[in-house]
Amino acid sequence: MTEGSDYDYLFKVVLIGDSGVGKSNLLSRFTRNQFNMDSKSTIGVEFATRSINVDGKLIKAQIWDTAGQERYRAITSAYYRGAVGALLVYDISKQATFANVTRWLKELRDHADSNIVIMLVGNKSDLKHLRAVPTEEATNFATQNELSFIETSALDASNVDSAFQTILTDIYRIVSSKTLDQSGDSVKAPTSDTIPVAIDSSAPAKNGCC
Amino acid sequence: MVIGDFELEIEPVVAAKARLPQGTMKSDAEEVVNDPFFRLLRSSHAPNPNLSSTLPENKTNVIARSGDTEKFLRETSIRHNRRLKFIDCLSKEDVDIAELRKLAWAGTPDDLRPIVWPVLLGYIPLPSNLRVPTLARKREEYLSLVQLAFARDRQSLDQQVWHQIEIDVPRTRPGVQLWMQETTQRSLERILYVWAIRHPASGYVQGINDLVTPFFQVFLSAYIDSDPELFDTSLLPQPILNAIEADCFWCLSRLLDGIQDNYISAQPGIHRSVKRMAELISRIDAPLYNHLESQNVEFMQFAFRWMNCLLMREISVQNTIRMWDTYLAEGADAFSQFHLYVCSAFLVKWSTKLRQMDFQAMGIIMFLQSPPTQDWGDHEIELLLSEAFVLCSIWHNAQSHLNAR
Ligand SMILES: Nc1nc2c(ncn2[C@@H]2O[C@H](COP(=O)(O)OP(=O)(O)O)[C@@H](O)[C@H]2O)c(=O)[nH]1
Ligand SMILES: [Mg+2]
């Protein structure tokens with residue numbers, strides 16, 4: 001059995017945001033239902049997958065977790081190409097990680113496809129007593145910038161599945177409506193897991209996983 | 001009366017400490033900290049320990065029963081002879097570095113590593129009369145670097161560097177007792193911060209924290225009688241902790257001198273190494289190379305980390321320590337040059353398995369992200385090193401020739 005035949009859509013999603021906000025733990029919670037109080041730092045880019053159901057279709061999410069440190073930006077931004085979704089994560093207990101969201105958005109504008117679906121994720125919602133970023137402030141920011149928004153906790157698992165489910169559904173809606181609009185040229189049935197579906201038909205993702 | 005009570009109280013505490021499961025100090029630790037060769041020179045004048053003393057009692061029984069005694073004794077005697085050669089080499093007034101390199105290439109005995117590594121790195125000088133004063137001076141120098149760096153409050157630290165170090169120190173070898181302790185973590189923090197501000201072109205880069213751990217464990221082992229990974233570092237007398245920390249700092253500095261390009265802006269050293277590795281694989285294992293290409297798997301997707309952390313995320317620290325015996329014996333540029341051949345040999349090791357994975361770019365990358373090396377011991381590492389050596393001797397000149405054109 002090959003991976004090429006067991007799903008209807010393959011979406012490449014990147015996890016970005018400052019170091020230490022919990023990107024790797026969101027990924028391990030979503031793909032393996034695991035949380036590590038002390039996990040190793042991410043070096044460059046690491047990667048995992050999970051399939052979910054949307055409207056009766058099997059969607060395989062190919063998720064690239066990136067290192068938050070500035071030094072790795074050259075390597076990590078190369079992975080934005082071909083991504084149809086981005087989870088931009090900050091830590092609700094660290095104001096600075098929220099302040100940096102603007103920089104991360106610029107980063108995406110510079111390196112990712114223009115139609116990429118972005119979701120703002122305020123992680124560590126379990127740290128209620130340490131909250132430094134009010135939910136309302138983040139909601140407003142998300143509205144202004146036309147991002148969807150959710151607060152999660154990789155630790156107690158709240159909203160983690162929901163975050164991924166929401167962004168994958170949003171992507172699916174866009175992709176499937178395009179298929180109807182445009183004779184399906186931009187969205188081919190996957191033949192190999194190496195070519196994620198691109199939203200923008202003018203920039204088909206070749207060598208999608210890098 | 002008061003004094004008497006005081007003494008009564010202190011005695012049992014010391015005695016209890018010596019028996020604690022967190023570990024015990026070696027009795028000559030105080031001497032060894034000043035002169036790391038103290039133990040070696042002391043014992044080399046004494047009669048050679050006989051063979052049977054190196055056999056743990058239970059092991060003797062098992063072996064006698066299994067009938068492998070002869071093989072075991074032969075191996076023990078080979079090991080014993082190698083040890084003697086090391087001791088011979090290290091006991092000279094002026095250590096013959098070429099000879100030491102030759103010996104260390106094939107692996108260094110655990111108890112000699114704390115002196116062999118610093119000698120190979122050029123941190124401990126070769127002439128015996130220079131060792132004690134040089135070490136004293138370097139450790140003093142490190143202490144003053146620390147004092148300078150942390151002279152004022154936390155706000156005056158380089159915030160960006162400090163912030164990243166603060167996040168990464170608790171994420172260094174998570175779950176291992178030694179590294180989860182306050183004392184060890186503060187030590188690691190100082191080493192990384194002082195190194196970072198002295199090397200502004202790179203600063204602290206994630207993954208450098210991993211590279212400190214083999215040094216720390218090896219140097220710590222010189223002073224204690226138990227497993228370094230379980231040792232409670234708060235039991236260390238301050239001068240010994242200071243010495244370990246300073247020695248780690250200087251040895252890390254020397255190691256990183258050879259791979260600075262891996263950590264400066266845009267990380268050109270890593271890009272160069274990964275590119276050369278891909279070229280090499282295309283020549284030594286074309287079917288694998290073609291397979292990866294047809295699956296759209298790029299070398300950068302897995303080999304970046306192999307270069308950035310010197311394979312420390314893929315193999316155990318014990319494996320790494322054995323590997324560094326050879327790297328340090330190879331010389332200063334082994335961590336960039338020889339390492340490339342090690343990574344190539346490492347990839348080719350999984351060739352059959354990888355070539356069977358069709359339409360599985362993700363599967364291939366995930367496999368290479370966490371290859372099954374959990375039960376690797378010295379034997380597997382030594383095999384890898386010898387395969388790398390063969391590759392290096394065949395291709396190294398050819399590659400430099402190609403690059404020159
Ligand atoms: N309390 C809490 N801690 C978290 C949560 N997610 C991650 N962490 C912790 O934050 C630290 C950094 O997490 P990590 O996933 O490595 O962050 P990354 O650098 O963004 O990948 C680790 O100590 C995690 O245990 C969360 O939802 N709640
Ligand atoms: Mg991470």
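Reader: What is the phi of B:Asn296, just after α15(B)?
Author: B:Asn296 takes a positive phi of about 60°. This is a predicted model, in which local features need pLDDT of at least 70, side-chain atom pairs count only at pLDDT 80 or more, and totals for chains, interfaces and linings use all residues. Residues are numbered from 1 along each chain as its sequence is written, chains are lettered from A and ligands numbered from 1 in the order in which they are written, and side-chain values use heavy atoms, without hydrogens and water.

Reader: Which residues of helix α15 of chain B are called buried?
Author: B:Leu288, B:His291 and B:Leu292 are buried in this helix, residues 286-294. Buried means under 20% relative accessible area, exposed over 50%, partly exposed in between (1.4 Å probe, protein chains only). Helices (H or I, at least four residues) and strands (E, at least two) are DSSP runs, numbered from the N terminus.

Reader: Why are these buried residues said to be on the same side of α15(B)?
Author: They cover an arc of only 95° around the axis, so they lie on the same side of α15(B). The arc is that of the directions from the helix axis to the C-beta atoms. On the other side, B:Glu293 and B:Ser294 are exposed.

Reader: What makes β2 and β6 of chain A edge strands?
Author: Each pairs on one side only, in an open sheet of mixed pairing ordered β2-β3-β1-β4-β5-β6. Two strands pair if DSSP finds at least two bridges between them. Strands β1 and β4 of chain A have five bridges, in the parallel sense, and therefore meet that cut-off.
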